[in-house]
Amino acid sequence: MNSAYAVILVDSTSHALRIEKLLHRSGWRNKLIPVPRHLSSDCGVCVRIDQADMAAITALLQQEKIQYQSIEVI
Amino acid sequence: MSELDLSGGKNGLIYLDNAATSWPKPPGVAQAMVQYLGQVGANPGRSGHRLSVEAARIVYDTREAVARFFNADDPLRVVFGLNVTDSINLALHGLLKRGDHVVTTSMEHNAVMRPLHALTQQGVLVTKVACRPDGTLDPERIEGALQKNTRLIAVNHASNVCGTILPIVAIGEIARRHGLIFLVDSAQSAGVVPIDMQASQIDLLAFTGHKSLYGPMGTGGLLVGQRIQSEALRPLRQGGTGSRSEREVQPDFFPDCYESGTPNAVGLAGLLAALTWVRERGIEQIRAHEEALCTALIDGLGDIPSVTVYGTWEAAKQTATVAWNMRNMAPSTVGLRLDEEFGILCRVGLHCAPSAHRTIGTFPDGCVRFGLGAFNTRADVESALNAVVQLAKDAL
C-alpha cells in the first residue's frame with residue numbers, strides 16, 4: 001500500500017479546489033484525483049500530495065483555517 | 001473613457017434596454033463560453049477525470065471572482081443560482097417562518113414582492129416602508145417600522161424603474177444595531193455601483209450576472225455572510241451535488257447544500273470573463289461614463305416640454321436608468337414608435353414593479369424606461385433625444 005502519496009479528503013469539489021489553489025500558490029506538488037474507494041464511497045475528488053509533505057501541508061491548512069475531513073496515507 | 005466601436009449594436013439599432021439585460025456583452029464572454037463548450041464540456045464536480053476537474057475549476061474560479069468583486073470573505077459562501085430572482089427566493093423562503101416580520105420598501109421589484117406576498121399566506125408579516133415620489137428613502141423610516149418580531153430587512157440597491165439608489169450603508173447599520181438580517185437585491189447596481197458586503201454589513205447579497213456585470217443570462221447567486229448558518233437557511237431544492245453520494249440526506253455545508261443539480265457551468269465561464277472585463281475596465285470608469293450619459297439624457301428629456309422625467313433628476317443619485325412619459329401618448333405607443341421608426345429599443349409599461357410605479361405616480365399606465373449601459377455612447381443619447389423630440393411633435 002505504500003505509494004509515497006497521501007490524500008486530503010474534503011466535503012466537496014469546491015473544498016478540494018480551494019486547497020489545490022492554496023497548495024499551488026505555496027509551491028506544494030498536488031493533484032486532484034477521484035477519492036480512492038477504500039477510503040470513502042463518495043464519488044467526488046480529493047487532493048493527492050506527496051507523503052513526505054504531509055506534516056508541512058497539515059500545518060499550512062491549519063494555519064489558513066482551511067476545512068478538510070482528514071489526511072490519509074494511500 | 002474611450003468610446004467603443006460597438007456603439008449602437010447591429011443594424012444601426014440603439015439598445016437602451018440595459019436595465020433588462022445588458023447588450024452587447026464584452027467579446028471575451030462569448031469566447032469563454034465557446035471555449036467551455038468546445039474544449040471543457042464536462043460536468044463540474046461530478047467526476048474525477050481531468051475535464052470534470054477543469055470544469056469545476058472554472059466554476060470555482062468564478063466563485064472566487066464573485067466573492068472578491070463584492071468583498072465577501074469566503075468563496076464557498078457564494079451560492080450560484082439561475083438569476084437574482086432565484087437567489088431572492090432562496091433567501092426569503094429559506095429564511096422566513098411563520099411569525100417572522102420583514103421590513104421592505106415600496107420601491108421593490110416583484111422579485112421581492114411576490115415571494116413576500118406568498119410568504120404572508122404562510123404567516124410571515126411584511127411592512128412596506130413608503131419611499132418618496134423620486135424613489136429615495138429616509139433610512140429612519142426603516143428603523144421606525146421595526147417590531148419585536150422583525151427578523152429581516154430586505155431592500156433593493158437601485159430601482160429597476162427609475163434607477164434611484166437606496167442608502168444601503170445606513171440601512172445596514174440599522175440592521176446590525178438591531179441584530180437583524182440584511183438582504184440586498186443588487187440586480188440593478190452590481191457592476192456599476194461599488195458594493196462592499198462587509199463594509200455595508202450585508203448578510204445576504206443577491207446578484208444577477210447578466211445586467212451590469214455583463215455576463216450571460218442564467219447566472220446569478222446569493223452571497224451568504226458569516227452570520228447566517230446553513231441550519232438557518234433551508235435549501236429550496238434537494239438533489240445530486242457530486243458530494244456525499246453515499247447518503248440520501250442533503251449535505252449541510254456551503255455551497256453544496258443549495259446547489260443541487262448540474263450548474264450552468266458554461267454560463268459561469270462567461271460570467272468569469274465578464275467579471276474580468278468589468279474589473280479591468282474599472283467599475284469607477286464605467287460608472288463615470290454612464291453618469292455622464294445619464295446627465296445628458298435627463299437634461300435633454302427635461303428640455304422637452306411635453307415630457308415628464310421621474311426619479312431624482314441627478315445622475316449621481318441613481319443608476320443610468322431613466323423613467324419618463326410623454327403627455328398625450330401612451331408609453332406602449334412611444335415604445336412601439338421608437339422601435340419601428342427609430343430603431344431605439346427600450347422597455348415600457350410597469351417593469352414588473354407595480355409598487356414602485358405607485359410610489360413614483362405612474363401606476364397603472366406605467367412609463368417609458370431608457371436603460372443605458374457601458375457600451376452606449378453620447379451619439380446614442382443624442383439620437384434618442386432627437387427621436388423623442390420628433391414624437392413630441394405628434395403628441396401635441
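Here are some exercises on a predicted model, each followed by a worked solution.

**Exercise 1. The sheet of chain A**

Work out which strands of the open four-stranded sheet in chain A stand at the edges, and what that leaves them without.

*Solution.* Start with the strand order, which reads 2-3-1-4 in chain A, with antiparallel pairing. Now look at the two ends: strand 2 (30–34) and strand 4 (70–73) of chain A each have a single partner strand, so one side of each has no neighbour in the sheet. From one strand to the next, the twist averages 35°.

Next, zoom in on one edge. Strand 2 of chain A is tied to strand 3 (residues 45–50) of chain A by five bridges, and the two run antiparallel. For a landmark, pick Leu32(A), which sits opposite Val47(A) in strand 3 of chain A.

**Exercise 2. The sheet of chain B**

Do the edge analysis for the open seven-stranded sheet of chain B, then find which helices pack on that sheet.

*Solution.* The order is 2-8-7-6-5-3-4 in chain B, and the pairing is mixed. Strand 2 (78–81) and strand 4 (125–129) of chain B are the edge strands; each has a single partner, so one side of each is left without a neighbour in the sheet. On average, neighbouring strands are turned by 20° against each other, direction ignored.

Now add the helices. Helix 2 of chain B packs on the sheet and touches strand 2, strand 7 and strand 8 of chain B, with its direction at about 115° to that of strand 2 of chain B. Helix 3 (residues 84–95) of chain B also packs on the sheet, touching strand 2, strand 5 (150–156), strand 6, strand 7 and strand 8 of chain B. The direction of helix 3 of chain B makes about 155° with that of strand 7 of chain B.

**Exercise 3. Strand 7 of chain B**

Is strand 7 of chain B mostly covered or uncovered, and how do its neighbours run?

*Solution.* Count first: strand 7 (residues 204–208) of chain B has five of its five residues buried, so call it mostly covered, given that buried means under 20% relative accessible area. Then split the strand by face. Leu204(B), Ala206(B) and Thr208(B) are buried on one side, and Leu205(B) and Phe207(B) are buried on the other.

Now take the neighbours one at a time. Strand 6 (residues 181–185) of chain B runs parallel to strand 7 of chain B and is joined to it by three bridges. Here Val184(B) has Leu205(B) as its bridge partner, while Asp185(B) has Ala206(B). Strand 8 (residues 220–224) of chain B runs antiparallel to strand 7 of chain B, with five bridges between them. In strand 8 of chain B, the bridge partner of Leu205(B) is Leu223(B).

**Exercise 4. Helix against helix, across chains**

Describe how helix 1 of chain A meets helix 2 of chain B, and place Thr13(A) in that picture.

*Solution.* Geometry comes first: the axes of helix 1 (residues 13–26) of chain A and helix 2 (residues 50–69) of chain B come within 10 Å and cross at roughly 75°. That makes helix 1 of chain A roughly perpendicular to helix 2 of chain B.

Then list who touches whom. Helix 1 of chain A contributes Thr13(A), Ser14(A), Leu17(A), Arg18(A), Glu20(A) and Lys21(A), and helix 2 of chain B contributes Ala56(B), Arg57(B), Tyr60(B), Asp61(B), Arg63(B) and Glu64(B). Sorted by type, the contact residues are three nonpolar, two polar and seven charged.

Finally, Thr13(A): its relative accessible area is 12%, so Thr13(A) is buried. Beyond neighbours within four places in sequence, Thr13(A) is in contact with Val45(A), Gly45(B) and Ala56(B).

**Exercise 5. The largest nonpolar core**

Which residues of the largest nonpolar core touch the most other members, and which helix gives the most to this core?

*Solution.* Among the 64 residues of this core, the ones touching the most other members are Val66(B), Phe70(B), Ile153(B), Phe182(B) and Leu223(B). Helix 7 of chain B gives the most, with nine residues.

Follow Phe70(B) outward as a check. Leaving out neighbours within four places in sequence, the contacts of Phe70(B) include Leu205(B), Phe207(B) and Leu223(B). Apart from this core lies another, of 32 residues, among them Ala315(B), Val334(B), Ala392(B) and Ala395(B).

**Exercise 6. Backbone oddities**

Where in chain B do Pro255(B) and Arg244(B) lie, and what marks the backbone at each?

*Solution.* Pro255(B) is in the loop between strand 8 and helix 7 (265–281) of chain B, and a cis peptide bond with omega of about -10° joins Phe254(B) to Pro255(B). Arg244(B) lies in the loop between strand 8 and helix 7 of chain B. Arg244(B) has a positive phi of about 50°, although it is not a glycine. With a relative accessible area of 19%, Arg244(B) is buried.

Terms used:
Residues numbered from 1 in each chain as written. Chains lettered and ligands numbered in written order. Predicted model: local features only at pLDDT ≥ 70, side-chain atom pairs only at ≥ 80, totals over all residues. Heavy atoms only, no water. Pairing = 2+ DSSP bridges. Axes fitted to C-alpha atoms, helices over the stretch in contact; angles between N-to-C directions. Buried < 20%, exposed > 50% of the residue type's maximum accessible area, 1.4 Å probe, protein only. Contact = heavy atoms within 4.5 Å. Parallel < 35°, antiparallel > 145°, perpendicular 65-115°, else oblique. Nonpolar A, V, L, I, M, F, W, Y, C, P; charged D, E, K, R; others polar. Core = buried A, V, L, I, M, F, W, Y, C linked by side-chain atoms within 4.5 Å.
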